[in-house]
Amino acid sequence: MVVLAKPPAPLEQISLVRSPEQGDYFAGVPAVDLAAPGAARDVVRACERFGFFKVANGHGVPEGVVGRLEAEAVRFFASPQAEKDAHGPASPFGYGNRRIGRNGDMGWLEYLLLAIDGASLSDASPAPSSSLRDAANEYVGAMRGMARTVLEMVAEGLGVSPRGALADMVTDAASDQLLRLNHYPPCPLLQSLMPNCSPTGFGEHTDPQLVSILHSNGTSGLQVALHDAADNAGHWVSVPSDPSSFLVIVGDSLQVMTNGRLRSVRHRVVANKLKSRVSMIYFGGPPLEQRIAPLRQLLAAAGGDGEEQSRYEEFTWGEYKKAAYLSRLGDNRLAPFYRHQPPPIAKPQA
Ligand SMILES: C=C1C[C@]23C[C@H]1CC[C@H]2[C@@]12CCC[C@@](C)(C(=O)O1)[C@H]2[C@@H]3C(=O)O
Ligand SMILES: O=C(O)CCC(=O)C(=O)O
């Protein structure tokens, strides 16, 4: 069990969430073995229905790669506050403590947000130590490879060619990728004061990019809003932690590129009262000038007589990213881009 130092800051300004009850744990997390036959179909099914899935097998990421970066993250977060502060405040890169983004969002966490340039960390966000940088570069290489595999499978599963139609966007030399290391400290004070409530670690949001890949230590806290059926749309469930797997999360841009067939998923983190949660997320985004619009082949294939219409106004990733940084964490960032759907033409009465 990892228990790091308590954060120096008080809890005020951070919303409290009712702790999940045993029954709220989601037993139905879809799991895909990326090396199994039929994986492409399973990836698409999971992303259509849930917007996320777990990869425990077939990802090809050596255990040491994860362990090394996690150990570096733990070491950094355990270092004296003044040393951590020297790498902040995050704007947006660097060390952040409770402040998320630029518009007043707060969470019970500290983090390092690092920019990636190609296959390694960018000079725009220097790592706090050379050992963390080396471990992060190794990890980024593995995540980029997994993001590529997943996006190739999405294209294959949707019948889009070439296979690299989506994957090339995250491995392009100009792709816009990020790595975030999060530490949610325990909050034991609340244990006695408010036994049924936990502080919000990271408020609810969808990821704006194409795809995110999340790894966490054995401390639970991640919750997702299910949207697979009308009766449980927006019902929050807890995802059991599993440090031997990764979670792949659909981002808003992938939702648009598939004209809403794959859906981004709202997720949040509830901090644990007794144990530290450490998570590492890779965000795979396209180059800034990439046009984000449904893939033509998908519109043509679905249309029957004519082409299916795009459900979204067109934008570039750069425009979407700019708008995202002006938004609050929990905003529905895609809403301003929904295209007005004309009402169906009423059939004349017989
Ligand atoms: C309030 C925020 C905080 C943002 C920007 C804006 C809206 C969306 C948030 C995220 C969510 C996904 C990772 C991240 C790195 C991203 O690209 O968008 C986050 C970013 C940040 O934590 O800085
Ligand atoms: O820590 C987690 O499990 C999720 C964090 C997250 O959603 C983020 O950093 O954007």
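Me: Let me start with the classes: Ala, Val, Leu, Ile, Met, Phe, Trp, Tyr, Cys and Pro count as nonpolar, Asp, Glu, Lys and Arg as charged, and the others, Gly among them, as polar. How many nonpolar, polar and charged residues does the shell around ligand 2 have?

Reply: Good place to begin, and please keep in mind that this is a predicted model. The shell around ligand 2 has seven nonpolar, four polar and two charged residues. In total, 13 residues surround ligand 2, and the closest are R180, N182, Y184, R277 and S279.

Me: Which strands supply that shell?

Reply: Four strands each give at least two residues to the shell around ligand 2: β7 (176–184), β8 (197–205), β13 (267–270) and β14 (277–285). The largest share comes from β14, with four residues.

Me: How do I read the polar contacts, and which side chains have an N or O atom paired with an oxygen of ligand 2?

Reply: Look for pairs of N or O atoms within 3.5 Å. For ligand 2, a polar side-chain atom of R277 lies 2.5 Å from a ligand oxygen. The side chain of N182 has an N or O atom 3.0 Å from an oxygen of ligand 2, and for the side chain of H267 the distance is 3.2 Å. As for cover, ligand 2 taken alone exposes 300 Å², of which the protein buries 98%.

Me: Let's turn to ligand 1. Which residues come nearest to ligand 1?

Reply: There are 15 residues around ligand 1, and R180, Q209, F283, A324 and R333 come nearest. R180 is also listed among the closest residues to ligand 2. By class, the shell around ligand 1 divides into seven nonpolar, four polar and four charged residues. Both β7 and α9 supply at least two residues of that shell.

Me: What are the polar distances for ligand 1?

Reply: An N or O atom in the side chain of R180 is 2.7 Å from an oxygen of ligand 1. The side chain of Q209 gives a distance of 2.9 Å, and that of Y325 gives 3.5 Å. Taken alone, ligand 1 exposes 450 Å², and the protein buries 97% of that area.

Me: Where do the two ligands sit?

Reply: Ligand 2 sits in the largest pocket, and ligand 1 sits in the largest pocket too. That pocket has a volume of about 620 Å³. It is lined by 38 residues, and I100, R180, F202, Y325 and L329 are the closest to its centre.

Me: What makes up the lining of this pocket, by element and by class?

Reply: β4 (94–100), β5 (105–117), β7, β8, β13, β14 and α9 (317–325) each supply at least two residues. β7 gives the most, with five. The class count is 18 nonpolar, 10 polar and 10 charged.

Me: How do cavities fit in, and how many of 30 Å³ or more are there?

Reply: A pocket is open, whereas a probe in a cavity cannot get out. The structure holds two cavities of 30 Å³ or more. The largest cavity contains about 120 Å³ of space, and 14 residues line it, with S216, P240, S241, D242 and L247 closest to its centre.

Me: Which strand gives the most to the lining of the largest cavity?

Reply: That is β9, with three residues. Both β9 (211–216) and β12 (246–250) supply at least two residues of this lining. The cavity lining divides into six nonpolar, five polar and three charged residues.

Technical notes: Residues numbered from 1 in each chain as written. Chains lettered and ligands numbered in written order. Predicted model: local features only at pLDDT ≥ 70, side-chain atom pairs only at ≥ 80, totals over all residues. Heavy atoms only, no water. Near = heavy atom within 4 Å. Polar contact = N/O pair within 3.5 Å; in protein donor to acceptor, adjacent residues only side chain to side chain. Areas by Shrake-Rupley, 256 points an atom, 1.4 Å probe, with all protein chains shown as cover. 1 Å grid on protein atoms, 1.4 Å probe; cavity = no way out; pocket = protein on both sides within 12 Å on 5 of 7 lines; lining within 4 Å. Sits in = over half its atoms within 2 Å of the grid points. Points joined across faces, edges and corners; volume = space filled by probe spheres on them.
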